[in-house]
Every structure is written in structure tokens, then in C-alpha cells.
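Hi,

Here is the structure I promised to send over. Have a look at it first, and then read on for my notes.

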Amino acid sequence: MVVVLENNISEDVKKRVRSFLENKGFKVREIIGEEDTIFGAVGSVSIDKREVELLEGVVKVVPIHKPYKLASRELKKEDTIFSVGPVKVGGNRIFIIAGPCAVESREQIIESAYAAKEAGAVMLRGGAFKPRTSPYSFQGLGEEGLKYLKEAGELTGLPVVTEVVAPGDVQMMKDYIDVYQIGARNMQNFELLKTVGSMGMPVILKRGMSATIEEWLMAAEYLLASGTEKIILCERGIRTYEPYTRNTLDLSAIPIVRKLSHLPVIVDPSHATGIRDKVLPMALAGVAAGANGLIIEMHPDPDSALSDGPQSLYPEQLEKLICDIEALTPVLGKELARLPHVNEKEAIEKNLRDTGNKPKAAFQGKPGAYSEKAVMLHFNEDDVTALPCESFKDVFDSVLKGDVQWGVVPIENSLAGSILENYDLLSQNPDVKIVGDVKVRVRHNLIARKSVDLKNIKKAYSHPQALAQCSEFLKKHNIEPVPFYDTAGAVANLNSFEDNSCAAIASAEAADLYSMSIVKEGIETNPNNYTRFVVIVREDFISVEKPVKASIILSVSDEPGALSLCLSIFADHKLNMTKLESRPIHGKPWSYRFYIDIQIPEDKDLYRKALEAIKEKATDFRVLGEY
Ligand code: PEP
Ligand code: MN
């Protein structure tokens, strides 16, 4: 700590302060400045700073250590990431917990669970013990409510979250639930924190309504010290003088906590605002501020909810919100967490059982490539091993030979357009199908050896597309672009010769992986740079259970109106087309193959009928995948 001494302190008094600190076990150094004299006191001693502030000659004491240790970033640099059932919490995934304020009946919570899942939430909330301001308000169904909650979770595959209000309930609750929630009113109920912490199970710790960030992290420290690391901090608004909202959502707490602590943090926009229409913008703001997830109240019939109806979303509002969040996540370099579809989960588990190893997903490029990032965003990091391949064809071959279960290849870039080689590989390999897609934001960085200055850099190595996308930056800084076969490989290559005038352009991950420094972040001319990847498997491998999109290829006879006739079939069946691309067919000059993406509607019959009709009109037709 720093002990600030009075300006005109006498040597005698100063000596007494020093002896006091030394007797307590501190090492003391005096620093005399132009205006102030201070003591720097260091040591692994804990002392109430007021004891020192009361000493004669002391103006104030400034602690330099944070009172929380286990929760701090200093102790653990990397983000805490853990699993709650099939859901990965923390890191690059945004996960949505949704459900009603309270479990009101078996039917209500089961209906809510299906609605939450349908909308894209990956966990279900619902209170069985409700800490209400008035003792006359609905107090929750207690253990009976927990039984219904568990059933709803099992039916839908959603892990369940519920609030615990008494230390005596903790043991009883453990077999019903996946995540304990400690409510705002109980954030400093230390006995509750200790009992819940000792279970070692995941816990959502809400911020108390008048708690400082430090008090909140100290409450997390209690949980950590009692035995659980699986903590999710939750900002749910604090009490201020502003009556327009139920609480004031302290969004700035999110980046602060993300910096101070390694623990994941989520936002509860429902209790923060108390009003349905304010929940939507604040949910997006929470994600933009860096939250790892959201917990949102949603009720199948909010107007008749027994608690918090006015802040509960209608199911369709939740669905729209989650669509908006999905659109926002690539901007942040994140991905919306999804429940792995049953078949994918089974395939991962089966591989682990049969071989003792994780299944593999192949990508093109060196470790650190944007394609590897796509693998990591699509799959849970610990579920698969990413396998680098030299070429796109090698990715397809590894899938076909069964060396890997999945391949992940880029298909289109928002600036450069389609990656035609992969479209061609898809059409040439009928034994491969698409089972998913993932969007990655491409942020290029100028990367060099440690402590190299921008002004010394003369050449930048990278994939030609990356060089083209950063051309303005390179021109402005007089850096010569040098083509290299891939981005991450260009960074690895910097290690092979000692030349501080050379740099590479690649992802931040690549810089980290090859122990290089980022000289300048985000050097692309246009920041709207996204690449969409498709996840491919062998035809006889898994299928997606409830697909929402389909990619198809077709060619049509060379006669007037042939293409228009096919396309009108989509329109007649009310199918929304999201992409149409044409490619020349090899060996058949001036004949074209069309690549079409469509949304699969609720009414699957309509979709099937449309495909049947198109099959009749097209000369060549194949569904590349439904996902
Ligand atoms: C709740 O989540 O239902 C709840 C009561 O929240 P809070 O503790 O944040 O008020
Ligand atoms: Mn509530």
C-alpha cells in the first residue's frame, strides 16, 4: 500500500509510522517527492487500512492490491471457460438463457422451455423460490416447481437455472438443477455463498442492487474460496435515482469486470429495465459491451404471468432478438452458442468411446488461419481437434477418406465474393454434404517480430487476398506486398529469418501462436469483412435433425426462360432464396451451373414439393446439404 504522509511531518512522527508498519511485517521504503512524502509498504500482510489512517502524520492510505485474489485476472490471465451440460460458457460464445420469472405450473414451464429452445436459447430459467418484495406476492412453487423445471429441461435438452434463497435448500436442489442462481438480494448472504460454493456446481452470481463492482467480485471470491470455479457474474442493474426504469443497467461494469476478472459475465436486461420494450435494445447493448451471454425473462403468456409479466418477452420477441444477436456476433468476433444438434453430439461421443480420441475437423492453412478460427467457433474447442491441410482439395479428401469427421471450408467473403474453388469441389464430390455454416469476421493485423516499429517495416507477406484487402494501409506506409500461400503461414515464416523490415498480415491468433507482436490492429480497408464457411461431412455421416437452410446446385437446358421457370417454382412455393451464384461447367463451354441457398420454411411439405417440381425442370440437380 501507499501511505501518504503529512507535508510537515516531523522525523519523530515519521519514525513512529515506519515502526508501526515494520512491526506489522511490511517492508517500508520512503519516497520524497516535490510536494508529497510517501511510504511504500509491501508485504504479504493483510491489515485494515483504517488502522494506519488513524496514525498521527498519515493523510491517507491507498491499497495497491485488490482484495479479491482468486477472481482476479492477475491470478489467472485466460478467460474461465466451462461446460454446463452441452453448453460452453465463456470465451467466444454468446449464450442465451431464457424462461419465465417463475415456474407457475408444469404446463407453463414445459411450454416455456420449448419456446425458449425454438427461439435459440441454450438454457432455461425459472424461479421456484421467489424472493418477492411483498410477502403477499406469489412466492413460487418450491420443490414442486423444481420437479417441473427438471422435467422441462429433460424434455428439451436445455440445462436449467434457478434461484436458491436459503442455505438449507442447497442440497435438496442439486439433483433438480444444473446452475444455481444467487439473486441480487442475496449477493452478500455469505452463508449462502459458502454453502453453494461448496457444491462445486455452476453458479450465476447476480450483482447486488447497491453493490460496487469490488463487493460483487468479493462475493465471487467467497464462491471460489468455498470450492467452485464455475461462476457466471450477472449484471442486472443497480439502484439509482432514475425512476423511468426498474433499475439502471450499469453497462460499463461489463468491460470493467472483463478486465478485472477471468470469470464470464452476463447481462440480465429484464430485471435491469423492468419494461419489455427496453429489454430488446439493452440486450443488444449488453452483447456489444462484451458480455458472454444474456439471461432474459420470456413467458408464453406474459399478460397472465404471476410475476414480472411486464418485463417478460413474448416468445416471438425472443426469437427476433436472438436473430439480431446472431447478426451482431461476427462483428465482435464471436459466435452464438447453439445446442449441438443431437447427431453431432452423438458422433462426438461415439468417436470418443470407440477410439478414446476426439474427432477431427480439417481446415485449409496453417494453425492460426482464419479457417481454424471457423472450426473453433463452430465446434466446442475441447470437442474436436482441428487438423491443418495444405489445400482445399486435401480437406475434401480427408473427409472422403474418413481421416477426419468434418471439414470446414470458406465459401464466400463479404468483400471478395465466392470462393469458387470450394463451390467446384462441392459439385464435383457428390459423396460430401454440408451440415452447417459459420461466419467469421476477418480482422487483418500487421504482425512482426517483437518490438519492431511500423516505420522500419518495408515488406509484408500474406495471402494475395489479404494483401489486396489491406492495400490502402500498405500504400500509405510504403510497405511492399509480397504474396505468400497463406496468412498464418506467413507469420510462421517470419521466424525463419531475422529481418526486422519484414512483417506478415494475419489474424491476432496467428500472432499469438507464433510469439509475434501485432504492430497495427485492423488494417483492412473495409472493416465489413466477413467470411462464411461451410461444415462438410461424408454423405453417409450425420444429418441435421431440424434444418433451416438448404444449399442446392442445378443446371438448366439452354433455352429461353429455363432458369426463370426454375426460380418461379421457389416463388410459387413461397421459398426465400438467400443466394444465387452461377459457375461455368467444366468441359461444357457457355453452360452454367447455379448455386442456390434457400431458407427451409416451417411447412416442410412446401419445401419438399418445390424440390420435386424443380427436379423435373432442371437438367442436373443436387441438394448439397440441409442444415
Ligand atoms: C430473478 O432472476 O428472477 C430475480 C429475482 O432477479 P434479481 O435477483 O436480479 O432481482
Ligand atoms: Mn423476475
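Below is what I found, starting with the whole chain and then going through the ligand, the metal and a few single residues.

First, a caveat: this is a predicted model, and every value below was computed from it.

**The chain as a whole**

The protein chain has 627 residues, and 52% of them are buried. Count up the secondary structure and you get 21 helices and 30 strands. Along its principal axes, the C-alpha atoms fill a box of roughly 100 × 70 × 50 Å. The domain assignment splits the chain into domain 1 (2-62), domain 2 (82-336), domain 3 (445-523) and domain 4 (544-627). Between the centres of domain 1 and domain 2 there are 45 Å, taken over C-alpha atoms.

**Ligand 1**

Which residues surround ligand 1? The list runs Arg 125, Lys 130, Glu 163, Gln 181, Gly 183, Ala 184, Arg 185, Lys 206, Arg 236, His 271 and Glu 297. Sorted by type, this shell holds 7 charged residues, 3 polar ones and 1 nonpolar one.

Three contacts to oxygen atoms of the ligand are worth pulling up on your screen:

- Lys 130 brings a polar side-chain atom to 2.8 Å from an oxygen atom of ligand 1.
- Gln 181 has a side-chain N or O atom 2.9 Å from an oxygen atom of ligand 1.
- Ala 184 uses its backbone instead, with an N or O atom 2.8 Å from an oxygen atom of ligand 1.

How much of ligand 1 does the protein bury? Taken alone, ligand 1 exposes 290 Å², and 97% of that is buried by the protein.

**The manganese ion**

Ligand 2 is a manganese ion, and its protein donors are Cys 101 (SG), His 271 (NE2), Glu 297 (OE) and Asp 308 (OD). They lie 2.0 to 2.4 Å from the ion. If you want to find them in the sequence, the spacing along the chain is C-x169-H-x25-E-x10-D. Cys 101 sits in the loop between β7 (93-99) and α3 (106-119), while Glu 297 belongs to strand β14 (residues 293-297), so this pair ties together parts of the chain that are 196 residues apart in sequence. Cys 101 and Glu 297 are both buried. His 271 and Glu 297 may look familiar, as they are also among the residues around ligand 1.

Asp 308 deserves a closer look. Its place is in the loop between β14 and α11 (315-328). Is Asp 308 buried or exposed? With a relative accessible area of 18%, Asp 308 is buried, because the cut-off for buried is under 20%. Asp 308 also has a positive phi of about 55°, although it is not a glycine.

Lys 574 is another non-glycine residue with a positive phi of about 55°. You'll find Lys 574 in the loop between α20 (562-572) and β28 (577-584). Lys 574 counts as exposed, at 70% relative accessibility.

**The loop between β21 and β22**

Two residues here caught my eye. Arg 449 lies in the loop between β21 and β22 and counts as buried, at 18% relative accessibility. The Arg 449 side chain reaches the backbone oxygen of Leu 494 at 2.8 Å.

Lys 455 is also in the loop between β21 (445-448) and β22 (459-462), but it is exposed, with a relative accessible area of 64%. The side chains of Lys 455 and Asp 453 are joined by a polar contact of 2.9 Å. To place Lys 455 against another part of the chain, take Leu 224: the two are 231 residues apart in sequence and 47 Å apart in space, C-alpha to C-alpha.

**Two more residues**

Gln 364 is part of strand β16 (residues 360-364). Gln 364 counts as buried, at 16% relative accessibility, and its side chain reaches the backbone oxygen of Glu 390 at 3.1 Å.

Glu 107 is in helix α3 and counts as exposed, at 52% relative accessibility. Its C-alpha atom is separated by 8.4 Å from that of Tyr 148, which is 41 residues away along the chain.

Cheers

Conventions. Residues are numbered from 1 along each chain as its sequence is written. Chains are lettered from A and ligands numbered from 1 in the order in which they are written. This is a predicted model: local features need pLDDT of at least 70, side-chain atom pairs count only at pLDDT 80 or more; totals for chains, interfaces and linings use all residues. Side-chain values use heavy atoms; hydrogens and water are left out. A residue is near a molecule or strand if one of its heavy atoms lies within 4 Å of it. A polar contact is a pair of N or O atoms within 3.5 Å; within protein, one must be able to donate a hydrogen and the other to accept it, and residues adjacent in sequence count only if both atoms are side-chain atoms. Accessible areas come from the Shrake-Rupley method with a 1.4 Å probe; for residues, only the protein chains shown count as cover. Ala, Val, Leu, Ile, Met, Phe, Trp, Tyr, Cys and Pro count as nonpolar, Asp, Glu, Lys and Arg as charged, and the others, Gly among them, as polar. Donors are N, O and S atoms within 2.8 Å of the metal (3.2 Å for Na, K and Ca); water is not among the atoms, so sites may look incomplete. Helices (H or I, at least four residues) and strands (E, at least two) are DSSP runs, numbered from the N terminus. Buried means under 20% relative accessible area, exposed over 50%, partly exposed in between (1.4 Å probe, protein chains only). Domain bounds come from an automatic or database domain assignment.
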